[in-house]
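Take a look at the structure shown here. Keep it open as you read.

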Amino acid sequence: MRASLKLVVVVGGLLLLEACSIQPWVKPYERDRLADPIMSWDRDAISGAYLDHVYESREGSRGATGTAGGGCGCN
Amino acid sequence: MTLVPRHLSRLAALAALSLICVAGAAVLPDDRADLFYSTYKGGGMDITGESVLVRKKFSENFAVEANYFVDKVSGASIDVLSQASVIKDERKQKSLSVDYIHDKTQYNVSYTNSTERDYISNTTHASLSQDMFGDLTTVSLGFTYSHNTVGENNGTANAPVISWLGHATSRSFEGGVSQIVTRNLIAGVTVEVITDQGLLSNPYRSIRFLDPLVPLGYSLGTQVYPNTHTSTAVETRAKYYLPYRAAASVSYRYFSDTWGIRANTIELDYTQPVSNKWIFEGRVRHYSQNAATFYSDLFPFAGSQNFEARDQNLAASTNNTFDGKVTYAFAPEGFLIFKRATASFDVTRITFKYSDFRNIKYYNDTPAGGGYQPGTEPLYAFDAMVYQFYISMFF
């Protein structure tokens, strides 16, 4: 038990140190396209939350859309 | 030293190592103010929504957002049509959200109050996100707690008499990863588990069961729901920057819950800017779900099983969305204190089809039930049109 825990700690630590040494393959100066507003996931927060509410009020599913809100779901 | 503290100290060391990767700083989005108006028409319901949102940075690492939303409902959905009453209601939602950035970590806390005359909801949300690995990866974690007070209007639309029936609480745990894949592609995955407890049924919706003693052949009764509900949703998505300055995205969500519902959602979006003044967007979405295990359109008799529901949200259904949106920058270079101002118009058409929820709007016809035997009525379907218009000003 103790040995396996040590192994996990050592391997985990090495992986994290390795992750620290990862050189970003997309450099900051290459991110102009990703910074374009058209690449935003949710450019207009009110509109996105409103449409999520429209769907949640009429469907059996919910969640994983990034919306926090309330109401009975009748509207 | 015992094993446990040593274990914890090593975990702490691991956590510290993970933070060593952090360098540089995240950035809060621009200040903005939005004025929003929407209309929804479909399924016998007319809903108008009005909203104001203001977001302001008080320093480079601290921002506050306030939102006020009012929607007004009138009309009669298929549920209340079958019970000879109409809806007239107003929902007011106020929310306050605070963002704080420290280095590459963004913290968010928000509080939302939503009040209708027969439903009060208070929601508290806290989340954090962390940029790591050269800012290529953002990991986020969130928790939401909601406390709801559920009532029923036993009066009329204009002279309400509210009976408070009980409470429901909801806890949501959310985690997500967003990853820059190439200089043109970003992808992400989000998982959310929500667990509810309390009064979970909609008091305005009823079951129906065969009743040979009445001319209609069926009667309506009270729904009985489990008082717990847990759901899991997983969404994956990707967005690609096309070579000619346009963006295309795809997302897929899988949903399952302890009530037996399984649902799939797929969505495609396309965004096309034209000059620095126009942005055109198109979106299609397809959704399908099966029915909850305790759902039935027509029960053989009241109390035929422990839990009984005939809420259309729990029925097997599909819906399809077609959405078009145009955004016009009427002040692309800004004016007064504003850096930029835009006006957006969005038209959405959603077609809903149910495969085991029948349209019983003929209940008051002659002959009884419009001549339909119980369980042979047409399946319910309706189209909804949603219009949104809003002005956004960035400063």
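The report below covers chain A, some paired strands, the nonpolar cores and two loop residues.

## Chain A

This is a predicted model. Start with chain A. It has 2 helices and 0 strands. Its length is 75 residues, and 32% of them count as buried.

## Paired strands in chain B

Now turn to chain B. Find strand β8, residues 162–180, and strand β9, residues 185–198. These two strands pair in the antiparallel sense, over 13 bridges. Together β8(B) and β9(B) form a hairpin, with 4 residues between them. For one facing pair, look at B:E174, which stands opposite B:E192 in β9(B).

Strand β9(B) also pairs with strand β12 of chain B, residues 228–242. That pairing is antiparallel as well, and it runs over 13 bridges. Here B:T190 stands opposite B:E235 in β12(B).

## Nonpolar cores

How many residues does the largest nonpolar core have? It has 19. Several residues have the most contacts inside this core, including B:I261, B:A291, B:Y295 and B:L314. Two elements of chain B give two or more residues to this core: β10 (206–210) and β17 (340–358). Apart from this core lies another one, of 15 residues. Among its residues are A:I46 and A:V54 from chain A, and B:M45 and B:I87 from chain B.

Go back to the largest core and pick out B:A309, also listed among the residues with the most contacts inside it. What does B:A309 touch, leaving out residues up to four places away in sequence? The list is B:S201, B:I207, B:Q223, B:Y225, B:A292, B:F294, B:Y295 and B:L314. Of these names, B:A292, B:Y295 and B:L314 also appear among the core residues with the most contacts.

## Two loop residues with positive phi

Next, find B:S275. It lies in the loop between β14 (262–274) and β15 (278–289) of chain B. Its phi is near 55 degrees, a positive value in a residue other than glycine. Is B:S275 buried or exposed? It counts as exposed, because it has 8 C-beta neighbours inside 10 Å, and 12 or fewer is the cut-off for exposed.

B:L336 sits in another setting to check: the loop between β16 (317–331) and β17 of chain B. Phi of B:L336 is near 50 degrees, again a positive value in a residue other than glycine. Why does B:L336 count as exposed? The reason is that 8 other C-beta atoms lie within 10 Å.

Conventions
Residues are numbered from 1 along each chain as its sequence is written. Chains are lettered from A and ligands numbered from 1 in the order in which they are written. This is a predicted model: local features need pLDDT of at least 70, side-chain atom pairs count only at pLDDT 80 or more; totals for chains, interfaces and linings use all residues. A residue is buried if 20 or more other C-beta atoms lie within 10 Å of its own, exposed if 12 or fewer, and partly exposed in between; C-beta atoms are placed from the backbone. Two strands pair if DSSP finds at least two bridges between them. A nonpolar core is a set of buried Ala, Val, Leu, Ile, Met, Phe, Trp, Tyr and Cys residues joined through C-beta atoms within 7 Å. Two residues are in contact if their C-beta atoms, placed from the backbone, lie within 7 Å.
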